[in-house]
Amino acid sequence: MKISKYLHSCLLFELDGYQLLFDPGKFSFAEGLVTPHMFSDVKSIVITHIHPDHFDIDILKSIVELSGAAVITNSQVGKELDKINFKYILLEEGTHRAGPFKLQAFPVKHELIMDNPLPQMTGFLINNKVLHPVDSMEDKLLNFKGIELLLMVTMAPFANEPTISAFADELRPKQIFPVHDGYAKDFFIAQRYAAYTKHFDKQGIKFHEIYKVGDGISI
């Protein structure tokens, strides 16, 4: 399974020739470094929640027009898609198959945001190997202790590095793939990821310093 990052929280999973895309939101496309045409071969698209850095209806439409991909999401995002008669697969809890990918969906609580209501958000376990808690660090995620790979928020208005690292220390994944860094310039991301690497090396956890367009790993 190959996982590539297209800025912030836009992730492309590839396995056996099948492409699965997560959260093509505004932050990833804002500077023109990422374009819908990069995803013309995508077969399925997952939208985890309604926040614009994870979901943009015009970007989503553009990708689907190019690829014909199926869209998988929850009911809050679905209500927005219903307004334009856009088809989607409702997935909030339970298991769904997307080609060679097994998506185990479950509700997760978004971390607190200043002066904003919390959205409905769906987390995922992908092929029993990858935990995608999205923008959550709630205690129930510790049930996945020892998971092969954690997709970990690294910077956000709702979190700080001590809180983030403490959550991952307790979860004890074998590897960490960083996400949610579209707020920062490359020089700052590189600096902070070096700090994360130093921290997690002490815990015996591999932190992948990935932030440039299209960079990724295989597991």
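How far apart do the axes of α4 and α5 come, and at what angle do they cross? Here are some notes on that and a few other features; keep in mind that this is a predicted model.

1. To take the helices straight away: the axes of α4 and α5 come within 11 Å, and they cross at roughly 35°. As for handedness, α4 passes α5 in a right-handed crossing. On the α4 side, the contact is made by Glu-161, Ile-164, Ser-165, Ala-168 and Asp-169. Their partners on α5 are Arg-192, Tyr-196, His-199, Phe-200 and Gln-203. Sorted by class, that contact has four nonpolar, three polar and three charged residues.

2. Asp-169 is a handy residue to click on here. You'll find Asp-169 in helix α4, and, leaving out residues up to four places away in sequence, Asp-169 touches His-199, Phe-200 and Gln-203. Asp-169 and Phe-200 are 31 residues apart along the chain, yet their C-alpha atoms are separated by 7.8 Å.

3. Phe-200 turns up again in the largest nonpolar core, which has 30 residues. Together with Leu-131, Leu-150, Met-152 and Ile-176, Phe-200 touches the most other members of that core. Two or more residues of this core come from each of β8 (101–108), β9 (121–126), β11 (149–153), α4 (161–171) and α5 (186–203). Apart from this core lies another, of 23 residues, including Met-1, Phe-101, Ala-105 and Leu-151.

4. Try Leu-131 next. Setting aside its neighbours within four places in sequence, Leu-131 is in contact with a list of residues that includes Phe-106, Phe-124, Leu-141, Phe-144, Ile-147 and Leu-171. Leu-149, Leu-150 and Leu-151 are also among the contacts of Leu-131.

5. Now the sheet. Seven strands make an open sheet with mixed pairing, and reading across you get β6-β5-β4-β3-β2-β1-β14. The edges are β6 (89–90) and β14 (216–218), each of which pairs on one side only. Within the sheet, β3 (residues 18–22) and β4 (residues 44–46) run parallel and are joined by three bridges. To line them up by eye, look for Leu-20, which stands opposite Ser-44 in β4.

6. Last, a hairpin. Strand β7 (residues 94–98) runs antiparallel to β8, with five bridges joining the two. Ala-98 stands opposite Phe-101 in β8. There are two residues between the strands of this hairpin, and Gly-99 takes a positive phi near 60°. Phe-101 is worth a second look, as it is also one of the residues in the 23-residue core.

How values were computed. Residues are numbered from 1 along each chain as its sequence is written. This is a predicted model: local features need pLDDT of at least 70, side-chain atom pairs count only at pLDDT 80 or more; totals for chains, interfaces and linings use all residues. Side-chain values use heavy atoms; hydrogens and water are left out. Two strands pair if DSSP finds at least two bridges between them. Helices (H or I, at least four residues) and strands (E, at least two) are DSSP runs, numbered from the N terminus. A nonpolar core is a set of buried Ala, Val, Leu, Ile, Met, Phe, Trp, Tyr and Cys residues joined through side-chain atoms within 4.5 Å. Buried means under 20% relative accessible area, exposed over 50%, partly exposed in between (1.4 Å probe, protein chains only). Contact means heavy atoms within 4.5 Å. Axes are lines fitted to C-alpha atoms, for helices over the stretch in contact, and angles run from 0 to 180 degrees between N-to-C directions. A crossing is left-handed if the near helix is turned anticlockwise from the far one by less than a right angle, and right-handed if clockwise. Ala, Val, Leu, Ile, Met, Phe, Trp, Tyr, Cys and Pro count as nonpolar, Asp, Glu, Lys and Arg as charged, and the others, Gly among them, as polar.
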